[in-house]
Amino acid sequence: MNEELLKSLKNKKILVLGFARSGYQTAKILHKHGIEVIVNSYENLNDNLEANELKQLGIDIVSGEHPIFLLDNIDLIIKNPGIPYKIEILKEAIKRNISIFTEIEVASSLYNNEIIAITGTNGKTTTTTLIYEILKQDRNTEVKVAGNIGYPLIEVMDNAQENDLIILEVSSFQLNGVDKFRPNIAIITNLEEAHLDYHSSKDEYHKIKKRIFKNQTEDNYLILNIKDKDLYKNDIINSRVIYYSLDNSSEVAYIEDDWFIFNQEKIFNKNKLSLLGNHNLENCINAAIVSKIKGVSNKSITDILYNFSGVAHRMQYVGDNNGVKYYNDSKATNPTSTSKALSGFEKNVILICGGQDRGVDFKELESQLSKLKALICIGESKSILANLGQRNNLKTILAEKVADATKIAENIADKDDIILLSPACASWDQYKNFEERGEEFINTFNNIKNKSDKHGK
């Protein structure tokens, strides 16, 4: 642990803004180390068990509003990544020059573990999981996964030993609140357009993503997709950069004769990968490069890459019913992600799509629409997507939620068809999160499958 920073924090009063798992763990762990914290949540926490636990520890909690007076005598704010900077309490904090960080900045500065950090518009979770699965089977020391994948970094690092390796998935929301964050190895899977309801522009979103390498030195590695190379031409990068490609446009990491080559060595055969699509090939390449940097054997790499069945809610194969295959890609929260999901199929796809309307342009999907047998539209954006489908002469159906859409898809599906939930939208118009949306799809499939089995179909 960084004892000097710990001593400094003990002389500060910290406001933890927002609750959920990140805020709860941040407040609890900082308090455990003798740091004064106060928790503030817009959600009413009077009946929240975890909030009441913190109260029992002597931590002050203010909930139901964000009163400005809380900023009096506050030295530092650690905010939930999803809280926008445009709310009044944060605008006032900026006026008062109060530092505002996310939990990953504090955690990565407070603890001394080596960090491999993964960000990007798409592919973060799959890449993070692949790296974790490969490294955990090949190392004598512990490997832990943290961050946007569901486990607060401060919680994971506080429970880790100093030589444990941390694999960290990082979102733009988290990177928006960092200053000294410096991973040993950083990956930007790709840079597309996303979260424009939160960030002011595509350029601003890209700048925030690039904070992942801002503090890196020549002792660190940065892994980038060569197709995005022009996006980095004006950036100062001090780390050792490795560009990879799906052809021979990279000199170090590329595909040749179906093999991924890294530093002139054959690592894996792309035709043996269990995951579909070029986007997943890129995820596997990222994982392989990190693994080779860390000295992992080719056998350990291929043992995972050739047998990996996917991440829950990310192109997750759910099952087969009467020759119709079901895939859950609920984590596809933007058009680029859905377009990449569709690229893994050739034809006969019944696509369930739609969700929160964030003003996104869905034209990017048009290049893949010829693969669709039907488009079933749900959520706030269903009318926009339905118009897109009708303009492209697609069979287009409106539904309410995922369960309704899945039943409709089952009724129109024939043998060898694909039913794919890949919404291209956030879930917050109808669901707590994309996981809940995906679970509704899985549960509906299971009900359909059970009925079919009972009737002997």
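## Pockets

Helices here are DSSP runs of H or I with at least four residues, and strands are E runs of at least two, both numbered from the N terminus. With that in hand, the helix to start with is α6, since α6 supplies the largest share of the lining of the largest pocket, 5 residues. One caveat before going on: this is a predicted model.

The largest pocket has a volume of about 1,500 Å³, and 47 residues line it. Nearest its centre you'll find Asn-148, Gly-150, Asn-433, Phe-434 and Glu-435. Several elements give two or more residues to this lining: the helices α2 (20–32), α6 (124–138), α8 (172–175), α9 (202–209) and α15 (434–454), plus the strand β7 (143–147). If you sort the lining of the largest pocket by class, you get 21 polar, 15 nonpolar and 11 charged residues.

The second largest pocket holds about 530 Å³ of space and has a lining of 24 residues. Leu-5, Glu-105, Ser-108, Ser-109 and Lys-180 are the ones nearest the centre of this pocket. The elements giving two or more residues here are α1 (3–9), β5 (99–101) and α5 (103–110), and α5 gives the most, with 4 residues. The class split for the second largest pocket is 9 nonpolar, 9 polar and 6 charged.

## The parallel sheet

β5, which helps line the second largest pocket, also belongs to an open sheet of 5 strands. The order is β3-β2-β1-β4-β5, and the pairing is parallel. β3 (60–63) and β5 sit at the edges with a single partner strand each, so one side of each has no neighbour in the sheet. Going from one strand to the next, the twist averages 20°.

To look at one pairing within that sheet, take β1 (residues 13–17) and β2 (residues 36–41), which run parallel and share 5 bridges. Lys-13 stands opposite Glu-36 in β2. As background, strands of a sheet pair through backbone hydrogen bonds, either parallel or antiparallel.

## A buried proline

Where does Pro-183 lie? Pro-183 is in the loop between α8 and β9 (185–188). Its relative accessible area is 0%, and because buried means under 20%, Pro-183 counts as buried.

Leaving out residues up to four places away in sequence, Pro-183 touches Ile-115, Ala-117, Ile-212, Gln-216 and Asn-220. As for C-alpha positions, Pro-183 and Thr-217 are 34 residues apart along the chain, with 9.8 Å between their C-alpha atoms.

## Two hairpins in a row

Further along the chain, β12 (residues 253–256) and β13 (residues 259–262) run antiparallel and are joined by 4 bridges. Tyr-254 has Ile-261 in β13 as its bridge partner. This hairpin has 2 residues between the strands, and Asp-257 takes a positive phi near 50° in it.

β13 then pairs with β14 (residues 265–269), again in the antiparallel sense and over 4 bridges. Ile-261 turns up here as well, with Lys-266 in β14 as its bridge partner. The hairpin of β13 and β14 has 2 residues between the strands too, and there Asn-263 is the residue with a positive phi near 50°.

## The mixed sheet and its helix

A second open sheet has 6 strands in the order β15-β16-β20-β17-β18-β19, with mixed pairing. The edges are β15 (316–321) and β19 (396–398); each has a single partner strand, so one side of each lacks a neighbour in the sheet. Here the twist averages 20° from one strand to the next. At the β19 edge, β18 and β19 pair in the parallel sense over 3 bridges, and Leu-375 has Thr-396 in β19 as its bridge partner.

What about α12 (residues 335–342): how many of its residues are buried? The count is 8 of the 8, so α12 is largely enclosed by the rest of the structure. The buried set is Pro-335, Thr-336, Ser-337, Thr-338, Ser-339, Lys-340, Ala-341 and Leu-342; note that a lysine is on that list.

The buried residues of α12 pack against a helix, α10 (278–293), and against the strands β17 (349–353), β18 (372–377) and β20 (418–421). In terms of orientation, α12 lies across β17, β18 and β20, and runs at about 165° to β17.

Note on methods. Residues are numbered from 1 along each chain as its sequence is written. This is a predicted model: local features need pLDDT of at least 70, side-chain atom pairs count only at pLDDT 80 or more; totals for chains, interfaces and linings use all residues. Side-chain values use heavy atoms; hydrogens and water are left out. On a 1 Å grid over the protein atoms alone, a cavity is a set of points where a 1.4 Å probe fits but cannot get out, and a pocket is an open set with protein on both sides within 12 Å along at least five of seven lines; lining residues have an atom within 4 Å of a point. Grid points are joined across faces, edges and corners, and a volume is the space filled by probe spheres set on the points. Ala, Val, Leu, Ile, Met, Phe, Trp, Tyr, Cys and Pro count as nonpolar, Asp, Glu, Lys and Arg as charged, and the others, Gly among them, as polar. Two strands pair if DSSP finds at least two bridges between them. Axes are lines fitted to C-alpha atoms, for helices over the stretch in contact, and angles run from 0 to 180 degrees between N-to-C directions. Buried means under 20% relative accessible area, exposed over 50%, partly exposed in between (1.4 Å probe, protein chains only). Contact means heavy atoms within 4.5 Å.
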